[in-house]
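Here are a few short exercises to work through with the model open in your viewer. Try each task before you read its solution.

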Amino acid sequence: MDNTPTRRAQRTIAYGFLFFILISMATPFFWMISNTFKEQYEIFQLQPTLIPEEPHLRNYIRLFAEFDFAHHFLNSAFIAVVHTVSHLFLASLAGFAFAKYTFPLKNFLFLVLLGSMMVPLYTIFIPLFVLVIRLGLVNSYAGVIIPGVAAAFGIFFMKQSMEAVPDELLDSARIDGASEFRIYWQIALPLVRPALAVLAVLAFMNSWNDFVWPLVVLRSRELQTLPVVMAGMVGMYRMEHGVIMAASLLSTVPILLLFFALQKQFVRGLTVGAIKS
Amino acid sequence: MGVQVVSSASIVEDRGLRAWWSRAERKVVPYVFISPFYILFIVFSVGPLIYALYLSLHRWPGSGPMRHVGLGNYTYLAGDPVFLKSLWNTVYYAIGAFIFILPLALLLALLINSTLIRLKSLFRIGYFLPILTSTVAATLIFLMIFNNQFGLINQGLALLGIPALKWLDEELVKISVLAVAAWRYTGINVLYFLTGLQSIPPDLYEAAQVDGAGTWAQFRYITIPQLRPIALFVGVVTMIGSFQLFAEPLLLADGGPNDASLTLANYLYRMGFTNAKLGYGSAIGWVLALIIFGLSFIQLYLFGAFRKDD
């Protein structure tokens with residue numbers, strides 16, 4: 001095709017650019033990790049050091065001792081797990097109904113479902129908060145979890161995979177006298193396990209990283225999640241940069257582990273909207 | 001005797017009920033299965049959406065009586081310099097995302113997809129990793145990187161003999177917010193574009209090569225038109241996302257200095273939660289919704305999503 005020198009030059013430029021961006025993107029990660037082992041003065045000295053001069057774990061110890069990190073970590077984990085499990089159940093159940101039944105108003109109802117994704121969070125933010133107070137859900141995990149637990153995207157996503165479940169399987173179970181719920185639970189659900197895994201990582205990550213809604217709902221400190229507590233560290237009189245970086249790193253670790261364990265599911269989960277469009 | 005009659009009648013009735021249910025179950029059950037979504041949607045979205053409109057026509061500090069002010073909140077918005085500033089800032093972020101983040105993501109995707117490059121998954125995964133951090137963690141890292149005196153960027157500039165820049169001051173803070181957004185969101189958009197590029201049928205390119213089309217012609221007449229659906233998706237998602245930017249300016253500079261980084265979402269939060277002006281905050285929310293709906297519609301229209309022949 002092309003003559004070799006041109007192609008070689010093109011390749012060099014392309015690699016150079018790709019690596020430049022890659023290094024730019026990786027630097028904040030390494031900077032964060034390195035700073036967790038440094039004293040404040042070393043973070044802010046004129047010659048930045050990637051390898052700490054006197055590495056120590058004091059930032060981590062203070063994070064657990066003074067900021068009760070383990071407690072807030074468990075709060076985040078509890079909310080994320082409850083949200084994920086309930087969301088998977090409700091989304092797969094509704095997705096099953098949309099994929100496997102014909103019923104009056106089905107198309108209209110599905111259109112409403114798609115339209116619900118267009119409602120901007122901040123438009124309903126203030127009245128939603130008023131409502132959560134009136135329902136007595138403020139300062140409770142229920143108040144954090146319930147409003148978003150049946151989000152339309154999950155239903156839309158589960159509908160696509162439920163459509164692949166063969167009708168013959170469902171019908172033969174009906175002849176054996178199984179109830180519709182049992183058909184969903186024992187036949188359809190096991191068949192869409194891969195899709196459930198994709199939705200699970202997505203739901204878990206969204207809940208784990210969520211900031212603004214838990215920020216307003218969870219008033220008392222002992223209930224607060226990691227992002228809320230970490231944001232609170234910024235406004236403090238003396239900002240503890242090493243401790244904040246340790247918190248940022250440890251709060252990211254569960255998602256990173258999940259990502260490297262379930263890479264394919266992650267990438268599919270995050271791009272599925274684009275594919276379906 | 002009488003007891004027997006009653007019980008046999010109830011057996012008949014029970015049988016009737018069961019027969020009725022076995023006929024009705026498949027008609028009723030789908031509504032039951034989808035009902036949790038609609039109940040929650042009506043209670044936690046539709047209700048608040050209407051209530052927000054109602055609140056926006058009132059003055060209300062969150063307790064006590066509401067005072068009806070008609071469109072007063074909206075006319076006040078039109079002359080509120082802080083609101084106009086936050087609107088401009090938000091538009092600035094959206095434009096920045098469209099002229100900086102998206103072209104960069106497209107370029108990276110094209111390079112990764114080209115035959116020149118190996119190590120494709122290294123780049124794909126590497127660019128993607130930042131989105132796994134929470135906005136809070138990401139912004140906290142950049143808070144230190146952009147520190148006006150001792151941040152990593154200024155340390156780097158000092159090594160090159162360039163005096164420190166005040167990244168979090170009025171002049172540069174919006175650029176810094178965009179940089180945090182670019183760090184988190186470039187990779188996911190690379191993935192979106194790659195999905196689009198990989199779904200282009202290869203025989204289109206083969207046919208074009210047979211016809212003698214060069215690299216540029218192939219890009220112009222095959223890649224760009226074929227990417228249209230994905231570009232529409234990316235465009236709408238980016239627009240909706242940048243109009244709801246919240247945590248980055250809040251944590252990087254508390255919306256400041258002098259409201260220079262404040263977004264509509266930040267201002268709404270400040271009015272609704274800090275200043276207890278729930279009516280005014282709700283009016284900001286509705287303006288935000290109208291902007292988002294309007295721009296989504298325009299994008300769909302420009303990309304021909306309403307044209308029948310596509």
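The radius of gyration used below is taken over C-alpha atoms, and the globule rule is 2.2 Å times the number of residues to the power 0.38. Keep in mind that this is a predicted model.

**Exercise 1. Overall shape of the two chains**

Task: Work out how the radius of gyration of chain A compares with that of a compact globule of 277 residues, then do the comparison for chain B with its 310 residues.

Solution:
- Step 1. Start with the rule for chain A: a compact globule of 277 residues would come out near 19 Å. The value for chain A is 24 Å.
- Step 2. Put a box around it. Along the principal axes, the C-alpha atoms of chain A fill roughly 75 × 70 × 35 Å.
- Step 3. Look at what the chain is built from: chain A has 15 helices and zero strands.
- Step 4. Move to chain B, which has 13 helices and two strands. Its radius of gyration is 28 Å, well over the 19 Å from the globule rule, so chain B is more spread out than a compact globule.
- Step 5. Box chain B too: its C-alpha trace spans about 105 × 70 × 40 Å along the principal axes.

**Exercise 2. Burial and contact range**

Task: Find what share of each chain is buried, and what share of the contacts joins residues at least 24 apart.

Solution:
- Step 1. In chain A, 42% of the 277 residues count as buried.
- Step 2. In chain B, buried residues make up 38% of the 310.
- Step 3. For contact range, consider pairs at least 6 apart in sequence. In chain A, 76% of such contacts join residues at least 24 apart, while chain B gives 67%.

**Exercise 3. Domains within each chain**

Task: Describe how domain 1 and domain 2 of chain A meet, then repeat for chain B.

Solution:
- Step 1. Split chain A into domain 1 (4–58) and domain 2 (59–276). Their C-alpha centres lie 33 Å apart.
- Step 2. Count the contact: domain 1 of chain A puts in 10 residues and domain 2 of chain A puts in 10.
- Step 3. Ask which elements give two or more residues on the domain 1 side: these are α1 and α2 (40–43) of chain A. Of the elements there, α1(A) gives the most, with three residues.
- Step 4. Sort that side by class, and you get four nonpolar, three polar and three charged residues.
- Step 5. In chain B, domain 1 covers 2–56 and domain 2 covers 79–302, with C-alpha centres 45 Å apart.
- Step 6. Here four residues of domain 1 of chain B are in contact with six of domain 2 of chain B. The domain 1 side has three nonpolar residues, one polar and no charged.

**Exercise 4. Where the chains meet**

Task: How many residues of chain A are in contact with chain B, and which helix of chain A gives the most to that side?

Solution:
- Step 1. Count both sides: 67 residues of chain A are in contact with 68 residues of chain B.
- Step 2. Find the top contributor on the chain A side. Helix α1 (residues 4–35) of chain A gives 13 residues.
- Step 3. Classify the chain A side: 53 nonpolar, 12 polar and two charged.
- Step 4. Now go to the largest nonpolar core, which has 153 residues; A:A94 and B:I284 touch the most other members. Helix α7 (residues 173–198) of chain B gives the most to this core, with 15 residues.
- Step 5. Zoom in on A:A94. Skipping residues up to four places away in sequence, A:A94 touches A:I155, B:F33, B:I34 and B:F37.

**Exercise 5. A loop residue and a helix check**

Task: Is A:M117 buried or exposed, and what span should helix α10 of chain B have at 1.5 Å a residue?

Solution:
- Step 1. Place A:M117 first: this residue is in the loop between α5 (106–116) and α6 (121–134) of chain A.
- Step 2. Apply the cut-off: a residue is exposed if 12 or fewer other C-beta atoms lie within 10 Å. A:M117 has 12, so A:M117 is exposed.
- Step 3. Check its partners. Beyond neighbours within four places in sequence, A:M117 is in contact with A:A152 and A:F153. The C-alpha atoms of A:M117 and A:A152 are separated by 6.5 Å, although the two are 35 residues apart along the chain.
- Step 4. For helix α10 (residues 228–243) of chain B, the 16 residues should span 22 Å, and the end C-alpha atoms are 22 Å apart, which agrees.
- Step 5. List the buried residues of α10(B): B:I230, B:F233, B:V234, B:T238, B:S242 and B:F243.

Note on methods:
Residues numbered from 1 in each chain as written. Chains lettered and ligands numbered in written order. Predicted model: local features only at pLDDT ≥ 70, side-chain atom pairs only at ≥ 80, totals over all residues. Contact = placed C-beta atoms within 7 Å. Helix = DSSP H or I, 4+ residues; strand = E, 2+ residues; numbered from the N terminus. Nonpolar A, V, L, I, M, F, W, Y, C, P; charged D, E, K, R; others polar. Domains from an automatic or database assignment. Expected span 1.5 Å × (residues − 1). Buried ≥ 20, exposed ≤ 12 C-beta atoms within 10 Å, placed from the backbone. Core = buried A, V, L, I, M, F, W, Y, C linked by C-beta atoms within 7 Å.
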